[in-house]
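Visitor: Please take one part of this chain and look at it closely, residue by residue. After that, place it within the rest of the chain.

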Amino acid sequence: MAKLTYKDAGVDKDKGYEEVELIKQIVKKTHGKEVLTDIGGFAGAFAPDLSEIKNPVLLSGTDGVGTKIKLAMQMDKHDTVGIDCVAMCVNDIICQGAKPLFFLDYIATGKLNPEKMADLVRGVSEGCLQAEAALIGGETAEMPGIYQDDDYDLAGFVVGIADKEKIITGEKLKEGDIAIGLKSSGLHSNGFSLVRASMDQANVSLEDKFDENQSIGEKLLTPTKIYVKDIKNLNENIDIKAIANITGGGLYENVPRVLKDDLSVEFELSEFEIDPIFNKIQQWGDIDIEEMYHTFNMGIGMVVFVDKDDERKALELLGNDAVKVGQVVNGNKEIKINL
């Protein structure tokens, strides 16, 4: 009878140690004085500065990148989906006024490739820098038999903080409030199963040209925009009524999450310039426009609601990537989109 080792079973511990050494300096770039531990311990320790928060409340979120991962694997480009992972988590908690504190990641793969895993973590680190959060720990699991050798999945978890009295809930929303759209960087990380089905139907390849500067694959892998700094700047200067992160389900499913039962929103998007990638996807799959708006963000990554009197100041603070897109009206949590 043969003497088996863990490596014989498909798990190479030495590769795991190699990965830890590769990512240590990458991760350390996200650390400030609040981080009390290095990567490699049993837990990450974080000591937040609470001096300016009267009644601190922790807010948390967790998410993954979905089937956008498959595109990264097909293109063998792994240094951007980590940004997506961070964005999907932090863009949720800032909707309630949280300041991101720290982030943890989880990577599962069939066969550990330290360089590929380092690329993934490099993206996570970049996302944390954009979100002003510390990457204080994570896990890489080698799982032969569950994943194929080159397959992997990526998920994350974030903890943020807010003053209890300043948490954004949507309770202050009223008829006449203004909806401001923050432009997306593209598809972000939702709807990629429909994207792939549409490409297959039209026999479109990731290597095909999107424009003179990039391929379709490169365009689709554009990282999710992180809105932490935009919302922080706005929140310090204006009373934000509500914020909706426009992820899977688009405007139709995400905006009602912040509305009271007697309010609706009417969007006026006839003048809104849509990223051409959405038009291409619609053409490839012969997709109804209603289905497009029920699946994708359609160019609006986040919707911020402010008082009508604050509209001008809010648009000035948010800059060129923000535009008035609608108004709160009386109703029954309905979303009307005028195109």
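Guide: The part chosen here is helix α4 with the loop that follows, and the other sites come after it.

The model is a predicted one. Helix α4 covers residues 114-131, and two of its residues, A118 and Q130, can be described in some detail.

A118 has its place in helix α4. Its relative accessibility is 5%, so A118 counts as buried, the cut-off for that being under 20%. When neighbours within four places in sequence are set aside, the residues in contact with A118 are L22, I23 and I26. Helix α1 is made up of residues 13-28. A distance to a residue beyond that helix can also be given: A118 and E34 lie 84 residues apart in sequence, and their C-alpha atoms are 24 Å apart in space.

Q130 also has its place in helix α4. Here the relative accessibility is 29%, and Q130 therefore counts as partly exposed. The side chain of Q130 is joined to that of E126 by a polar contact of 3.0 Å. Apart from neighbours within four places in sequence, Q130 is in contact with I83, I226, V228 and K229. For I226 the separation is 96 residues along the sequence, against a C-alpha to C-alpha distance of 6.8 Å.

After the helix comes E132, in the loop between α4 and β3, a strand of residues 134-142. E132 is not a glycine, yet its phi is positive, at about 60°. With 40% relative accessibility, E132 counts as partly exposed, because that value lies between the limits of 20% and 50%.

Strand β3 can be followed to another loop. V35 lies between α1 and β1, the latter being residues 56-64. Among the contacts of V35, with neighbours within four places left aside, are A134 and I136, and strand β3 is residues 134-142. The other contacts of V35 in that list are A45 and F46. V35 and F46 are 11 residues apart along the chain, with 4.7 Å between their C-alpha atoms. V35 has a relative accessible area of 12% and is therefore buried.

A second positive phi occurs at M298, a residue other than glycine, where the value is near 55°. M298 is placed in the loop between α10 (289-295) and β8 (300-306). Unlike E132, which is partly exposed, M298 counts as buried, since its relative accessibility is 2%.

Beyond strand β8, D307 is found in the loop that leads to α11 (311-318). The side chain of D307 reaches the backbone nitrogen of D309 at 2.9 Å. Leaving out neighbours within four places in sequence, D307 is in contact with K174, D177 and K241. Its relative accessibility is 18%, so D307 counts as buried, the limit being 20%.

Strand β6, residues 242-245, includes N245. The contacts of N245, other than with neighbours within four places, are N91, D92, C95, N254, G301 and M302. Of these, D92 also takes part in a polar contact, side chain to side chain, at 2.9 Å. G301 and M302 have numbers that fall in strand β8, residues 300-306. N245 counts as buried, because its relative accessibility is 7%.

These sites sit in a chain with 11 helices and 10 strands. A compact globule of 339 residues would have a radius of gyration near 20 Å, and the 21 Å of this chain agrees with that. Along the principal axes, the C-alpha trace spans about 75 × 55 × 35 Å. Buried residues account for 49% of the 339 residues. As for contacts between residues at least 6 apart in sequence, 85% join residues at least 24 apart; the pairing of Q130 with I226, 96 residues apart, is one case of a wide separation in sequence.

The accessible surface of the chain comes to about 16800 Å², and carbon and sulfur atoms hold 46% of that. The chain carries 37 positive and 59 negative charges, and the mean positions of the two sets are 4 Å apart.

Technical notes
Residues numbered from 1 in each chain as written. Predicted model: local features only at pLDDT ≥ 70, side-chain atom pairs only at ≥ 80, totals over all residues. Heavy atoms only, no water. Helix = DSSP H or I, 4+ residues; strand = E, 2+ residues; numbered from the N terminus. Rg over C-alpha atoms; globule rule 2.2 N^0.38 Å. Buried < 20%, exposed > 50% of the residue type's maximum accessible area, 1.4 Å probe, protein only. Contact = heavy atoms within 4.5 Å. Areas by Shrake-Rupley, 256 points an atom, 1.4 Å probe, with all protein chains shown as cover. Lys, Arg positive; Asp, Glu negative; His and termini not counted. Charge placed at Lys NZ, Arg CZ, Asp CG, Glu CD. Polar contact = N/O pair within 3.5 Å; in protein donor to acceptor, adjacent residues only side chain to side chain.
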